[in-house]
Amino acid sequence: MFEGWHEFYLVVGGAAAVLIGLIFVVVTLMHGRPRSTVLTGSRLYMGPIVLHMGFVLTLSAAALTPRMTFPFYAALVGVISVWGTARGLYSTIRIGRLKAIGGEEVHWTDVWFYGVIPMVVYLALAGVALGAWRGADWSLHGAAAAQVALLLVSIRNEYDLVTWLAPRSDGDATPESS
């Protein structure tokens with residue numbers, strides 16, 4: 001089924017694994033922050049990245065599995081698309097509420113890149129699942145495009161997290177105390 005895709009899925013799966021590892025580096029930048037802030041941040045910002053990369057890694061492993069069938073692959077893609085869509089909706093609502101309540105100040109792009117865009121990718125992945133169920137060859141290209149989209153949005157989001165966290169250390173001296 002995935003003849004000719006071996007190198008692509010090795011690279012995509014490897015990239016997803018590296019991005020999962022990089023999240024642990026991001027977590028170390030949160031040292032010294034209040035626990036409630038860290039928990040909210042991990043649920044709304046880090047959780048989706050790990051989930052997306054876990055799904056990319058899962059789909060890459062499935063593509064590299066010998067004798068993978070369209071129906072099994074379609075079922076796997078379908079489950080991932082439903083789960084990802086639900087997660088995207090959750091992130092969109094929760095990050096949107098942060099702005100509405102006036103809690104933590106969030107950038108307007110957060111709702112789009114952590115919620116809406118991934119949700120759209122997962123909805124497209126649902127179409128890929130349907131195509132795979134029917135045995136359509138185009139579904140292989142659709143799945144590859146969705147995985148690359150999830151990689152790109154996750155790279156953007158990890159960069160966003162690092163650039164937001166790195167310059168803000170709660171332990172830094174204030175100008176008054178210097």
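**Exercise 1. Find how the axes of α1 and α5 are arranged, and the hand of their crossing.**

Solution. Start with the description: two packed helices are described by the angle between their axes and the distance between the axes. Axes are lines fitted to C-alpha atoms, for helices over the stretch in contact, and angles run from 0 to 180 degrees between N-to-C directions. Helix α1 covers residues 6-28, and its axis comes within 11 Å of that of α5. The two axes cross at roughly 20°. That makes α1 roughly parallel to α5. The cut-offs are these: under 35 degrees is roughly parallel, over 145 roughly antiparallel, 65 to 115 roughly perpendicular, and the rest oblique. Last step, the hand: the crossing of α1 and α5 is left-handed. Left-handed means that the near helix is turned anticlockwise from the far one by less than a right angle; clockwise gives right-handed.

The structure is a predicted model, in which local features need pLDDT of at least 70, side-chain atom pairs count only at pLDDT 80 or more, and totals for chains, interfaces and linings use all residues. Residues are numbered from 1 along each chain as its sequence is written, and side-chain values use heavy atoms, with hydrogens and water left out.

**Exercise 2. Do the same for α4 and α5.**

Solution. Distance: the axes of α4 and α5 come within 9 Å. Angle: they cross at roughly 165°. That makes α4 roughly antiparallel to α5. Hand: the crossing of α4 and α5 is left-handed.

**Exercise 3. State how many helices and strands the chain has, and what share of its residues is buried.**

Solution. Count the elements: five helices and zero strands. Helices (H or I, at least four residues) and strands (E, at least two) are DSSP runs, numbered from the N terminus. Read along the sequence, the pattern is α-α-α-α-α. Then take burial: of the 178 residues of the chain, 42% count as buried. Buried means under 20% relative accessible area, exposed over 50%, and partly exposed in between (1.4 Å probe, protein chains only).

**Exercise 4. Count the aromatic pairs and classify Phe8 with Tyr9.**

Solution. First the rule: rings of Phe, Tyr and Trp (its six-membered ring) pair if their centres lie within 6.5 Å; planes under 30 degrees apart count as stacked, over 60 as edge-to-face and the rest as tilted. By this rule there are eight aromatic pairs. The rings of Phe8 and Tyr9 have centres 4.9 Å apart and planes at 85°, so this pair is edge-to-face. Now check exposure. Phe8 is partly exposed, at 26% relative accessible area. Tyr9 is buried, at 1%.

Next, a second pair. Tyr45 and Tyr114 are also edge-to-face, with 4.7 Å centre to centre and 85° between the planes. Tyr45 lies in helix α2 (residues 35-64) and Tyr114 in helix α4 (residues 108-133), so the pair ties together parts that are 69 residues apart in sequence. Both Tyr45 and Tyr114 are buried.

Finish with the cluster: Phe2, Trp5, Phe8, Tyr9 and Tyr73 form one aromatic cluster. Of these, Tyr73 is found in helix α3. Tyr73 is buried, at 0% relative accessibility. The C-alpha atoms of Tyr73 and Ala63 are 8.1 Å apart in space, and the two are ten residues apart in sequence.

**Exercise 5. Which partners does Arg156 meet?**

Solution. Begin with the ring. Arg156 lies over the face of Phe113, at 4.2 Å from the ring centre. Here a charge sits over a ring if NZ of Lys or CZ of Arg is within 6 Å of the ring centre and within 35 degrees of the ring normal. Then the charge pair. Side chains of opposite charge can pair when their charged atoms come close. A salt bridge is a side-chain nitrogen of Lys or Arg within 4 Å of a carboxyl oxygen of Asp or Glu. The count is one salt bridge. Arg156 and Asp160 meet in a salt bridge, at 3.8 Å, N to O. Both are in helix α5 (residues 138-165); being four residues apart, they are separated by about one helical turn. Arg156 is partly exposed, at 23% relative accessible area.

**Exercise 6. Is Arg67 buried or exposed, and where does Arg67 lie?**

Solution. Place Arg67: the loop between α2 and α3. Read its accessibility: at 79%, Arg67 counts as exposed. Check the backbone: phi of Arg67 is near 60°, a positive value in a residue other than glycine.
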